[in-house]
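User: I'd like to learn how to read a model like this one. Could you walk me through it step by step?

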Amino acid sequence: MTGLNAIEIRGITKTYGYGEFAVTAVDEANLAIRQNEFFTLLGPSGCGKTTLLRLIAGFEFPAAGDLLLHGENIAIMPPFKRPVNTVFQNYALFPHMTVADNIGFGLKMLGRPASEVEARVAEMLKLVRMEKFAKRATSQLSGGQQQRVALARALAPHPKVLLLDEPLSALDYKLRKEMQIELKRLQAETGITFVFVTHDQEEALTMSDRIAVMSAGKILQVGGPREIYDRPANRFVADFIGETNFLKGKVSGLGSDTASVALDCAANLAVPASADLIVGEEVTVLLRPEHARLVPVGSAEAALTGTLKDIIYFGTDTYFNVSLSDGTLFTVRQQNRPDEVGSYSVGDQTSVAFAPAAIRILRG
Ligand code: ATP
């Protein structure tokens, strides 16, 4: 499989500092990033995603483990020799230089002939749709335009892998959405492997072919956006990506297709049977707010019942927090329709329903 992978990270560990001040930023990470994929490292601040990116770039060296790029071990290769390039959060452009000079800078440093630099700069300007700005100083560009120049500059020397460290975080919401689409287009057009770092789960879900979710230096789950969202491997992933209700309970019976779980809030749930469940063991039931809906108390489909604590209007949706008998707040998210008149009030007794297929079970 090595030939198909752009990057293989094998048992990589990186520690900063010594003794009692030592921080393990990346902890025995294993990862295979395929050629031509848009791959995202996702996790909260301090989880080690930038460190992993810097290890690939060669700005840091691992304490242990191997790093392969297109099959070649580059763990101790200096950064300038690696066929990778990085786009930084703050763009790191040369403000006094023109757009064209910024884009051609790397190629010039590599000693490429002027005619080749000129042709490549023209090609890159076209790719990022900045032809009209070639002669302008980068200090006279908007944030989005600077971002395009930074991308063009990083792509100009034909890297095999482009590393992007939170490149959109300085942009406002609308521009950020535009640049997300632009980045996807650039990746598809160039066919270069993109390794993208973000702490923004929505950005990761919309842009990536695959995502690695990290926490405390460890890679917790790798998969496509749907897989990560629909089948989170553990509580951290379920909580970090999207919104999730967690209901604690114990397995009270096992059938061939379904198991029953006695929840702490005194309700019994039929959940999809899984081969490794044991009667009596503690489990956590996961339910996404958008997979649940409010139904009248006593209706046949009612699974949980409680008191409506909050009604939060969000334009497209409304969030309803239902307080269950053990004090757990269960959130239901329903789409708003213009023809629908708000018919719920805080303090109402209400029930909640959901399709059995929407339920996920984690042990413990
Ligand atoms: P952020 O999203 O805030 O950039 P991150 O997920 O990229 O966070 P890293 O920057 O990789 O995380 O940091 C991982 C851990 O290593 C953190 O605990 C951080 O404080 C620590 N760390 C990072 N760089 C250094 C350094 N040069 N010296 C000491 N500790 C460091």
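Analyst: We'll go from the overall picture to the ligand shell, then to helices and strands. Keep in mind that this is a predicted model.

User: Where do I start? How many helices and strands does the protein have?

Analyst: Begin with the broad counts. The protein has 8 helices and 20 strands, and its C-alpha trace spans about 80 × 50 × 40 Å along the principal axes. Of its 364 residues, 33% are buried. Then look at how contacts are spread along the sequence: among those between residues at least 6 apart, 64% join residues at least 24 apart.

User: Which feature does UniProt place at residues 7–241?

Analyst: The record, an unreviewed entry, lists "domain: ABC transporter" there. In the model, that stretch is 36% helix and 26% strand, with its end C-alpha atoms 25 Å apart.

User: Now the ligand. Which residues come nearest to it?

Analyst: A good habit is to list the shell, then ask which elements supply it. Here the shell holds 13 residues, and Y16, A25, S45, T50 and T51 come nearest. Two elements give two or more residues each, β2 (23–34) and α1 (49–57). The largest share, 3 residues, comes from α1.

User: And what is the make-up of that shell by class?

Analyst: Count 8 polar, 4 nonpolar and 1 charged residues.

User: Let's do helices. What's the general idea?

Analyst: An α-helix has 3.6 residues a turn, so residues three or four places apart point the same way. For a case here, take helix α4, residues 143–155: its 13 residues reach 18 Å from first C-alpha to last, close to the 18 Å expected at 1.5 Å a residue.

User: Is α4 largely enclosed or left open by the rest of the structure?

Analyst: Largely enclosed, because 10 of its 13 residues are buried. The buried set includes V149, A152 and R153. What they pack against is β6 (84–87), α2, α3 (114–127), β7 (161–165) and α5 (173–190).

User: Can we zoom in on one residue? Is I103 buried or exposed?

Analyst: I103 is buried, because it has 32 other C-beta atoms within 10 Å, and 20 or more is enough to count as buried. I103 belongs to helix α2, residues 99–109. Leaving aside neighbours within four places in sequence, its contacts are V121, M124, L125, V149, A152, R153 and A156. For a sense of distance, the C-alpha atoms of I103 and S252 are 64 Å apart, with 149 residues separating them along the chain.

User: On to strands. What should I look for in a sheet?

Analyst: In a regular strand the side chains alternate between the two faces of the sheet. Next, trace the strand order. One open sheet here has 4 strands in the order β2-β1-β4-β5, with antiparallel pairing. The edges are β2 and β5 (72–73); each has a single partner strand, so one side of each is left without a neighbour in the sheet.

User: How many bridges join β4 to β5?

Analyst: There are 2, linking β4 (residues 64–69) to β5 in an antiparallel arrangement. Within that pair, L68 sits opposite N73 of β5.

User: What about a hairpin? Which residue takes a positive phi in the one made by β17 and β18?

Analyst: Check the pairing before the turn. Strands β17 (residues 317–323) and β18 (residues 329–335) are antiparallel partners over 7 bridges, and F320 has V332 in β18 as its bridge partner. There are 5 residues between the strands, and G327 is the one with a positive phi, near 95 degrees.

How values were computed
Residues are numbered from 1 along each chain as its sequence is written. This is a predicted model: local features need pLDDT of at least 70, side-chain atom pairs count only at pLDDT 80 or more; totals for chains, interfaces and linings use all residues. UniProt positions are given in the numbering used here, feature names are shortened, and annotations may be inferred rather than shown by experiment. A residue is near a molecule or strand if its C-beta atom, placed from the backbone, lies within 6 Å of it. Ala, Val, Leu, Ile, Met, Phe, Trp, Tyr, Cys and Pro count as nonpolar, Asp, Glu, Lys and Arg as charged, and the others, Gly among them, as polar. A residue is buried if 20 or more other C-beta atoms lie within 10 Å of its own, exposed if 12 or fewer, and partly exposed in between; C-beta atoms are placed from the backbone. Two residues are in contact if their C-beta atoms, placed from the backbone, lie within 7 Å. The expected span of a helix is 1.5 Å times one less than its number of residues. Two strands pair if DSSP finds at least two bridges between them.
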